[in-house]
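This briefing concerns a predicted model. Which residues form the centre of its packing, and how are individual helices turned towards their neighbours?

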Amino acid sequence: MIRSISKEKILSEKDTTFFLRGVTIGFRYIARRHQITPSIMWEIVSDGLLKVGMHADDLEDVEYMVFGWRGLTPEMLERYRWRYPDRCPLLDVLCTLDETCEILNEVQEWMLKLKGSKNSRRLDLLPALPELVAVRPDQHS
């Protein structure tokens, strides 16, 4: 279910919780699905954030947020909403790395609608993570 919101509406605590839940679940989901350690996952995400135009001074806040070391207030989300008026860099990177996390896709759709963007969830600027190949059990045992 995609939540509706207008550009004029101030984001609420409920909106903030929805966003934070989506990005933290998405971050962990992608790392686990691709068998990436949290620190390597953060390296991949932070590199992607810089490539899509996030300001370097915002990286620490985002890192603390995805690892659960810092919460997110509606005021912080509003600040990022207007600092990045067309897209959400974190959602763009996560959805581009792996587009199979349902809650993450819901949050991205909500954010794109909020920002009035008609573009897709994925960006051509970044490659998706490779699909994992299933490991076959040893047939000789």
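The points below cover the nonpolar core, followed by two of the helices.

In this predicted model, the largest nonpolar core has 35 residues. Six helices, H1 to H6, each supply at least two residues of this core.

**Nonpolar core**
- Phe19, Met41, Val45, Leu49, Leu90 and Leu94 are the core residues that touch the most other members.
- The contributing helices are H1 (13-33), H2 (38-51), H3 (59-66), H4 (74-83), H5 (89-97) and H6 (102-115).
- Val45 touches Phe27, Leu90, Val93, Leu94 and Leu97, with residues up to four places away in sequence left out of the count.

**Helix H3**
- Leu59, Asp61, Val62, Met65 and Val66 are the buried residues of H3.
- These buried residues line one face of H3, because they fall within an arc of 160° when seen down the helix axis.
- An α-helix has 3.6 residues a turn, so residues three or four places apart point the same way.
- The packing partners of the buried H3 residues are H1, H2, H4 and H5.
- After H3 comes Gly68, which has a positive phi near 80°.

**Helix H4**
- The buried residues of H4 are Pro74, Leu77, Glu78, Tyr80 and Arg81.
- Around the axis of H4 they cover an arc of only 165°, and therefore lie on the same side of the helix.
- H1, H3 and H6 are the helices against which the buried residues of H4 pack.

Note on methods:
Residues are numbered from 1 along each chain as its sequence is written. This is a predicted model: local features need pLDDT of at least 70, side-chain atom pairs count only at pLDDT 80 or more; totals for chains, interfaces and linings use all residues. Side-chain values use heavy atoms; hydrogens and water are left out. A nonpolar core is a set of buried Ala, Val, Leu, Ile, Met, Phe, Trp, Tyr and Cys residues joined through side-chain atoms within 4.5 Å. Buried means under 20% relative accessible area, exposed over 50%, partly exposed in between (1.4 Å probe, protein chains only). Helices (H or I, at least four residues) and strands (E, at least two) are DSSP runs, numbered from the N terminus. Contact means heavy atoms within 4.5 Å. The arc is that of the directions from the helix axis to the C-beta atoms.
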